Amino acid sequence: MGRVGGPTDLPVRPPPGDGRRSTLGALLKWTVGVFLIVAAVTVVLVQREPLERAWMSARSAPMWVVAAVVVMPLTSLALTTTVFWILTRRFGRVGWWEMCGLIGSAWLLNMLPMKPGLIGRVAYHRVISGIPVTHSLLVLVLATLAGSVAIILTLAAVALGMPVDRQTGLRWLVVLGAGGVAVAALVAAGRMLRAQQITVASGLIRELGLCVLLRVLDTLLWALRYMLAFELIGEPTDFATCVIFAGVSQIAGQMPVQLGLREWTVGIASRVFRRGQDAGPGAAGGVLPGLQADLVTRAAEIVCAIPVGLLSYVWLSRRLHAAKEHGGAP
């Protein structure tokens with residue numbers, strides 16, 4: 001979910017030619033993402049026997065499992081809202097429900113090319129809360145950093161708690177992947193910040209620690225979502241392995257191509273980390289169980305994102321309209 005001039009003098013408008021390249025790059029990433037998710041759906045649909053087993057398992061699953069899979073994306077919405085609210089409120093007056101609307105609308109809009117939800121959230125903060133673009137970008141970098149640290153801590157704890165086997169090295173490789181995202185966030189922060197903003201960022205250490213804890217909880221809830229999704233399709237998987245899936249899923253979510261990449265990342269991870277598990281008589285080999293489970297979670301997100309995003313967009317649009325009529329005050 002979500003990411004003017006200010007103290008760091010970041011350009012509001014790109015130099016001539018850069019805007020066109022950025023647009024083409026965003027469209028290319030979105031196109032690749034659509035191709036990947038279409039490929040994932042195709043692979044799932046052409047495997048008729050596993051698909052039928054998954055469908056029969058879903059039809060016979062307890063109603064509470066189905067309901068939990070559908071509504072659990074809202075827990076991530078609430079936790080993401082809280083993280084951004086904690087980091088943003090130092091720079092301007094932003095209510096929790098207001099931030100929830102911003103994150104909710106971005107959740108839906110960022111499924112489109114060019115991440116209009118991110119751009120809209122930053123613009124809203126500037127118009128309504130008087131928060132410079134550079135501070136909004138600082139919040140985004142710190143939120144990414146908190147998420148990466150949380151993934152590292154959670155995955156490391158799981159890796160330490162699991163027995164040493166052929167997959168131990170692969171588990172730690174996933175931890176290193178999360179570390180790479182954290183380093184990238186630190187590098188991005190270093191490039192963004194000047195001396196005065198480093199002081200601002202250093203004042204957010206306590207808030208950042210709280211955000212790490214919230215992101216750890218988010219990762220564990222993601223793991224629960226995957227465990228329920230695997231249960232729903234008749235491929236039961238233990239919680240510790242699902243924590244690994246949650247970690248690789250969130251790492252994939254930080255990559256330039258997000259749509260579709262997550263499905264294949266979880267699919268490959270399921271092939272690697274579910275090998276040798278007693279997954280039940282309906283277990284299918286290869287990447288298929290992970291693809292099916294992640295497509296289930298993606299469908300649940302879309303079911304939640306559409307009403308939440310539309311309602312949030314309408315509400316925020318009215319606030320922006322009121323702000324323009326009253327000279328900037330909502």
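How much area does the chain expose, and what share of it do carbon and sulfur atoms supply? The chain exposes about 16,100 Å², and carbon and sulfur atoms supply 69% of that area. Keep in mind as you click around that this is a predicted model.

**Stop 1: the whole chain**

Start with a cartoon view. You'll find 13 helices and zero strands, so to speak a run of α after α when read along the sequence. Of the 330 residues in the chain, 48% count as buried.

**Stop 2: helix α7**

Select residues 133-161, which make up helix α7. How far apart should its ends be? At 1.5 Å a residue, the 29 residues of α7 should span 42 Å, and the end C-alpha atoms are indeed 42 Å apart, so the expected span and the model agree. Now turn on a surface: α7 is mostly covered, with 22 of its 29 residues buried.

**Stop 3: the largest cavity**

Stay with α7 and show L155, V158 and A159, then add R171, V174, V175 and I244; these residues line the largest cavity. The elements that give two or more residues to that lining are α7 and α8 (168-192). About 30 Å³ of space lies inside the cavity.

**Stop 4: the second largest pocket**

Next, select L51, I233, Q292, L295 and V296. Of the 17 residues that line the second largest pocket, these lie nearest its centre. Colour α1 (18-46), α2 (48-60), α3 (63-71) and α13 separately, as these are the elements that give two or more residues to the lining. Which of them provides the largest share? That is α13, with six residues. The volume of this pocket is about 360 Å³.

**Stop 5: salt bridges along α13**

Helix α13 covers residues 288-325, and it is a good base for the next few selections. A search of the whole structure finds seven salt bridges; here are some of them.

Pick E98 and R319. Their side chains meet in a salt bridge at 3.3 Å, N to O. E98 lies in helix α5 (residues 96-109) and R319 in helix α13, so this pair ties together parts that are 221 residues apart in sequence. Are the two partners buried or partly exposed? E98 has a relative accessible area of 9%, so E98 is buried; R319 has 22% and is partly exposed.

While E98 is on screen, add S312, another residue of α13. S312 and E98 are 214 residues apart in sequence, yet their C-alpha atoms are 9.0 Å apart in space. With a relative accessibility of 8%, S312 counts as buried.

Now move to E301 and R225, whose side chains meet in a salt bridge at 2.9 Å, N to O. Here the link runs between distant parts of the chain: E301 sits in helix α13 and R225 in helix α10 (residues 205-232), 76 residues apart. Why do both count as buried? Buried means under 20% relative accessible area; E301 is at 6% and R225 is at 3%.

Keep those two selected and add R262 and D294. R225, R262, D294 and E301 are linked in a network of salt bridges.

One more pair: E263 and R298, with side chains that meet in a salt bridge at 2.6 Å, N to O. E263 lies in helix α12 and R298 in helix α13, so the pair ties together parts that are 35 residues apart in sequence. Both E263 and R298 are buried.

**Stop 6: R271 in α12**

Helix α12 spans residues 261-273, and R271 is found there. At 49% relative accessibility, R271 counts as partly exposed, since the label "exposed" is kept for values over 50%. Draw a distance from its C-alpha atom to that of L291: the separation is 10.0 Å, for two residues 20 apart along the chain.

**Stop 7: a patch on the surface**

Finish on the outside. Select V70, V71, L74 and V303, which together make a nonpolar surface patch of about 290 Å². V303 brings you back to helix α13, the helix that also gives six residues to the lining of the second largest pocket.

Technical notes: Residues are numbered from 1 along each chain as its sequence is written. This is a predicted model: local features need pLDDT of at least 70, side-chain atom pairs count only at pLDDT 80 or more; totals for chains, interfaces and linings use all residues. Side-chain values use heavy atoms; hydrogens and water are left out. Patches are made of residues with over 30% relative accessible area and no salt bridge: like charges are joined within 9 Å, nonpolar side chains (Val, Leu, Ile, Met, Phe, Trp, Tyr) within 5 Å. Accessible areas come from the Shrake-Rupley method with a 1.4 Å probe; for residues, only the protein chains shown count as cover. A salt bridge is a side-chain nitrogen of Lys or Arg within 4 Å of a carboxyl oxygen of Asp or Glu. Helices (H or I, at least four residues) and strands (E, at least two) are DSSP runs, numbered from the N terminus. The expected span of a helix is 1.5 Å times one less than its number of residues. Buried means under 20% relative accessible area, exposed over 50%, partly exposed in between (1.4 Å probe, protein chains only). On a 1 Å grid over the protein atoms alone, a cavity is a set of points where a 1.4 Å probe fits but cannot get out, and a pocket is an open set with protein on both sides within 12 Å along at least five of seven lines; lining residues have an atom within 4 Å of a point. Grid points are joined across faces, edges and corners, and a volume is the space filled by probe spheres set on the points.
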